[in-house]
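I opened this model to look up a few local features and wrote down what came back. The entries follow the order in which I checked them.

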Amino acid sequence: MTGKILVSACLMGHAVRYDGRSKSLVHPAIERWREEGRLVTICPEMSAGMAVPRPPAEIANGATGEDVLAGSARVMEITGGDVTQGFLQAAENALALARETGCRYALLIDGSPSCGSGFIYDGTFSGGRHAGHGVAAALLKRAGIEVYSDREIDTLVERLATAD
């Protein structure tokens, strides 16, 4: 076994999403990885003290997590609240946990302003989305952790098979 996997808590069945729900990922590899002790679960937003439920948040103006990390974009709630600092703290918490536990991989829920790795929403709260990373996914990638979305679990399975 060559690496642990940081995984979004909502994918593991925890009701931590902004709407108070989970988005459980059902796949044979999940149970195998759990039995092998490979999974390290986190909800970045909850680790930064955000409530459940909480207002939906998106990265403003079609920007990305990389832009937020660079200080050129903000994460805004649908109510108008600026939650950028909370999302930056959430990303730092995710990276710290990944480093502390030896995670070389991350399996994150797509679409999230924290965890999105294939797409994120465009900041208009209209359901529009674009390619990009959330803040935590961007920071994890910057640190050299391989990030996969929930839609890429089979790719992660293949990657781990070649790594072991």
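**Pocket.** I started with the largest pocket of this predicted model, and its volume came out at about 620 Å³. I then asked how many residues line the largest pocket and which lie nearest its centre. The lining has 34 residues, and Arg17, Tyr18, Gly111, Ser112 and Pro113 are the ones nearest the centre. I also looked up which secondary-structure elements contribute: α2 (44–47), β3 (57–59) and β6 each give at least two residues to the lining.

**Aromatic pair.** I searched for pairs of aromatic rings, taking centres within 6.5 Å as the cut-off. The search returned one aromatic pair. Phe119 and Tyr121 have ring centres 5.7 Å apart and planes at 85°, so I logged the pair as edge-to-face. Planes over 60 degrees apart are what that label requires.

I checked the burial of both partners. Phe119 has 12% relative accessibility and is therefore buried. Tyr121, at 28%, is partly exposed. Phe119 has a further partner: the charged end of Arg129 sits over its ring, 3.9 Å from the ring centre.

**Ser117.** Next I looked up Ser117, which is in the loop between β5 (103–108) and β6 (119–121). Is Ser117 buried or exposed? Its relative accessible area is 13%, under the 20% limit, so I entered Ser117 as buried. I noted that its side chain reaches the backbone nitrogen of Ser149 at 3.3 Å. I listed its contacts with neighbours within four places in sequence left aside: Asp110, Gly132, His133, Ala137, Val147, Tyr148, Ser149 and Glu152.

**Helix α5.** One of those contacts, Ala137, is among the buried residues of α5, so I went on to that helix. Helix α5 covers residues 135–142, and six of its eight residues are buried, which means that the rest of the structure largely encloses the helix. I recorded the buried ones as Val135, Ala136, Ala137, Ala138, Leu139 and Leu140. After α5 comes Gly144, and I read a positive phi near 95° for this glycine.

**Val26.** My last entry is Val26, in the loop between β1 (4–8) and α1 (28–35). With 78% relative accessibility, Val26 is exposed. I also took the distance from Val26 to Val52, 26 residues apart along the chain: their C-alpha atoms are separated by 23 Å.

Definitions and conventions. Residues are numbered from 1 along each chain as its sequence is written. This is a predicted model: local features need pLDDT of at least 70, side-chain atom pairs count only at pLDDT 80 or more; totals for chains, interfaces and linings use all residues. Side-chain values use heavy atoms; hydrogens and water are left out. Rings of Phe, Tyr and Trp (its six-membered ring) pair if their centres lie within 6.5 Å; planes under 30 degrees apart count as stacked, over 60 as edge-to-face and the rest as tilted. Buried means under 20% relative accessible area, exposed over 50%, partly exposed in between (1.4 Å probe, protein chains only). A charge sits over a ring if NZ of Lys or CZ of Arg is within 6 Å of the ring centre and within 35 degrees of the ring normal. Helices (H or I, at least four residues) and strands (E, at least two) are DSSP runs, numbered from the N terminus. A polar contact is a pair of N or O atoms within 3.5 Å; within protein, one must be able to donate a hydrogen and the other to accept it, and residues adjacent in sequence count only if both atoms are side-chain atoms. Contact means heavy atoms within 4.5 Å. On a 1 Å grid over the protein atoms alone, a cavity is a set of points where a 1.4 Å probe fits but cannot get out, and a pocket is an open set with protein on both sides within 12 Å along at least five of seven lines; lining residues have an atom within 4 Å of a point. Grid points are joined across faces, edges and corners, and a volume is the space filled by probe spheres set on the points.
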